Amino acid sequence: MQFQRRYAEHYEWIVQQFTDWAFTLTSSFLFYHDYDDLDEASKNTYRVGMAAFGGIAPTYYIALFDKPTTSPTIVWDFHSLLMAIQLMFSLMLTDEEKPLRLCEHCQKAFVASQSNNVFCSPQCKNQHNVYKHREKNRDMCDKI
């Protein structure tokens, strides 16, 4: 990729882009996390919101490089850094093997090393289980 040397964006614009990406990630997480509890109108609202994410699709072409051991290569032509980041974010969000997730405990975004990971670290998993255990004990004490 090639970009201009003196290229810059206003801080507010950058903040808005990150806010939009956070909204997209959170929306997808909540959609699947609360899927059974949502009515059809709420599900459609999530779907419409997710469909609005993105922008102009990048173009591509197939290149043949001089090395005889390589196969044809797709070369993406991004018109802006934003478009490149949005595509990479979208690919991470939809990756089935290593999906982008929100930690069940701390709510930080992380790339899951396995498709069934729900915590960003063993420490978060442990802390979540400790809190859950303490709450269970507190409920038991309240019943007595």
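Leaving aside its neighbours within four places in sequence, L25 is in contact with F89, L93, L100, L102 and A109. The model in which these contacts are found is a predicted one. L25 also belongs to the largest nonpolar core, which has seven residues in all: W21, L25, F29, F89, L93, L100 and L102. Three elements give two or more residues to this core, namely α1, α3 (81-94) and β3 (100-102). The largest share comes from α1, with three residues. Another core, of five residues, lies apart from it, and F110, A112, F119 and C124 are among its members.

**How helix α1 packs**

Two packed helices are described by the angle between their axes and the distance between the axes. Helix α1 covers residues 11-33 and helix α2 covers residues 40-51. Their axes come within 10 Å of each other and cross at roughly 150 degrees. An angle over 145 degrees counts as roughly antiparallel, so α1 is roughly antiparallel to α2. The crossing of this pair is left-handed. On the α1 side the contact is made by T24, S27, S28, L30 and F31, and on the α2 side by K43, Y46, R47 and M50. Sorted by class, these are four nonpolar, three polar and two charged residues.

The axes of α1 and α3 come within 12 Å and cross at roughly 15 degrees. Angles under 35 degrees count as roughly parallel, and therefore α1 is roughly parallel to α3. Here the crossing is right-handed. From α1 the contact uses W13, Q17, W21, T24, L25 and S28, while α3 supplies L82, I85, Q86, F89 and L93. The classes in this contact are seven nonpolar, four polar and no charged residues.

T24 and S28 of α1 appear in the contact with α2, and both are also listed in the contact with α3. W21, L25, F89 and L93, which take part in the contact of α1 with α3, are also members of the largest nonpolar core.

**Four single residues**

The table gives the location and the relative accessibility of four residues.

| Residue | Location | Relative accessibility |
|---|---|---|
| C124 | helix α4 (residues 122-143) | 9%, buried |
| Q107 | loop between β3 and β4 (109-111) | 43%, partly exposed |
| D95 | loop between α3 and β3 | 32%, partly exposed |
| W76 | strand β2 (residues 73-77) | 41%, partly exposed |

Is C124 buried or exposed? Buried means under 20% relative accessible area, and C124 counts as buried because its value is 9%. Not counting residues up to four places away in sequence, C124 touches C103, H105, C106 and F119. F119 is, with C124, a member of the five-residue core. C124 and C106 are 18 residues apart along the chain, and their C-alpha atoms are separated by 7.0 Å.

Q107 is set apart by its backbone: the residue has a positive phi of about 65 degrees although it is not a glycine. The loop that holds Q107 runs between β3 and β4.

Which residues does W76 touch, not counting those up to four places away in sequence? They are P58, T59, Y60 and L87. W76 is also 14 residues from I62 along the chain, with 8.8 Å between the two C-alpha atoms.

D95 is found in the loop between α3 and β3, two elements that each give two or more residues to the largest nonpolar core. D95 and T73 are 22 residues apart in sequence, and the distance between them in space is 21 Å, C-alpha to C-alpha.

Definitions and conventions
Residues numbered from 1 in each chain as written. Predicted model: local features only at pLDDT ≥ 70, side-chain atom pairs only at ≥ 80, totals over all residues. Heavy atoms only, no water. Axes fitted to C-alpha atoms, helices over the stretch in contact; angles between N-to-C directions. Helix = DSSP H or I, 4+ residues; strand = E, 2+ residues; numbered from the N terminus. Parallel < 35°, antiparallel > 145°, perpendicular 65-115°, else oblique. Left-handed = near helix turned anticlockwise from the far one by under 90°. Contact = heavy atoms within 4.5 Å. Nonpolar A, V, L, I, M, F, W, Y, C, P; charged D, E, K, R; others polar. Core = buried A, V, L, I, M, F, W, Y, C linked by side-chain atoms within 4.5 Å. Buried < 20%, exposed > 50% of the residue type's maximum accessible area, 1.4 Å probe, protein only.
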